[in-house]
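Biologist: Got a minute to walk me through this one? I'd like to start with the strands and then look for open space.

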Amino acid sequence: MSNQQKVAIVTGASQGIGASLVKAYRDRNYRVVATSRSIKQGSDPDILAVAGDIGEPETADRIVKEALSRFGRIDTLVNNAGIFIAKPFAEYTVEDFTSKIATNVAGFFHITQRAAAEMLKQGSGHIVSITTSLTDNPTASVPTVLANLTKGGINSATKALAIEYAGKGIRVNAVSPGIIKSPMHPPETHEFLAALHPVKHMGEMSDIVNAVLYLESAGFVTGEILHVDGGQSAGH
Ligand SMILES: NC(=O)c1ccc[n+]([C@@H]2O[C@H](COP(=O)([O-])OP(=O)(O)OC[C@H]3O[C@@H](n4cnc5c(N)ncnc54)[C@H](OP(=O)(O)O)[C@@H]3O)[C@@H](O)[C@H]2O)c1
């Protein structure tokens, strides 16, 4: 089994941090299942694109089924798909709430459950989720209760799952970013967002990719919420 090429699933893979993660795992010679709603199959036969809404259990079923039928195994799941809606708490709509729960929470639950079932059969695996440092460090100037509710839940679930699977060969971790220069944030917001970090600049997508790759190779690390946030979690 050890000489087989490893397989990673990356959600939210069409752009931003997810697209960078796909490239990084390919550079490490993993075969990759790249999924998002709009993703299209490219020319690399070792990247399988599976399109679908990650909040739907049917999408998770399809991702895992196609991963196994094409590549035969699942070694890593990167839960990267997510949406961000910042507004004062009283202004959140029912649609805001529903979409955040669907993408961030159901989008974690369904695919993690199905990928974990395969990892349990293999007796090995790594699950890593991208959360946000805002869960530990709320900022008065950027109210984000729905990010806290959803990503904070994933941070906690990461620790619970790490403990549940600690004796089963499966590690479970999270990367908790500060604010990262990705398509999520238009350039005109960057100066304001940079100032929210003690280091006075935003993070790069490569900062998050490097953290995920570190966790990938860190065999003694599980249940870790790795802050990559320009000092936000240390203080202000
Ligand atoms: N950028 C930051 O400052 C920052 C900070 C902290 C945490 N994060 C987290 O990092 C992750 C990646 O962020 P990013 O900055 O790269 O965001 P992004 O550029 O907006 O990309 C989001 C990705 O998620 C996919 N996605 C969104 N809704 C989906 C759904 N319902 N089903 C399937 N895929 C869906 C999108 O693809 P489709 O549109 O094709 O579906 C896209 O590939 C997110 O979880 C985000 O919360 C980002």
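**Strands and pocket**

Modeller: Let's start with one pair: Thr11 has Thr35 in E2 as its bridge partner. Keep in mind that this is a predicted model.

Biologist: How does the chain cross from E1 to E2, and is the crossover right-handed or left-handed?

Modeller: The path goes through H1, and this β-α-β crossover is right-handed.

Biologist: How many bridges join E1 to E2, and do they run parallel or antiparallel?

Modeller: Five bridges join them, and the two strands run parallel. E1 covers residues 7-11.

Biologist: And which residue in E3 is the bridge partner of Thr35?

Modeller: That's Val50. E3 spans residues 47-51, runs parallel to E2 and is joined to E2 by five bridges. So Thr35 has bridge partners in both neighbours: Thr11 and Val50.

Biologist: Is E2 mostly covered or mostly open?

Modeller: Mostly covered. Five of the six residues in E2 are buried.

Biologist: New topic. How much space lies in the largest pocket?

Modeller: About 820 Å³. The pocket is lined by 38 residues, and Asn80, Ala81, Gly82, Ile83 and Met184 are the closest to its centre.

Biologist: Which helices and strands each supply at least two residues of that lining?

Modeller: E2 (31-36) is one of them. The others are the helices H1 (16-27), H3 (94-122) and H4 (145-165).

Biologist: What's the lining like by class?

Modeller: There are 21 polar residues, 13 nonpolar and four charged.

Biologist: How do you find empty space at all?

Modeller: You roll a probe the size of a water molecule over the atoms, and that shows where space is left empty.

Definitions and conventions:
Residues numbered from 1 in each chain as written. Predicted model: local features only at pLDDT ≥ 70, side-chain atom pairs only at ≥ 80, totals over all residues. Heavy atoms only, no water. 1 Å grid on protein atoms, 1.4 Å probe; cavity = no way out; pocket = protein on both sides within 12 Å on 5 of 7 lines; lining within 4 Å. Points joined across faces, edges and corners; volume = space filled by probe spheres on them. Helix = DSSP H or I, 4+ residues; strand = E, 2+ residues; numbered from the N terminus. Nonpolar A, V, L, I, M, F, W, Y, C, P; charged D, E, K, R; others polar. Buried < 20%, exposed > 50% of the residue type's maximum accessible area, 1.4 Å probe, protein only. Pairing = 2+ DSSP bridges. Right-handed = clockwise from strand over helix to strand, strands pointing away.
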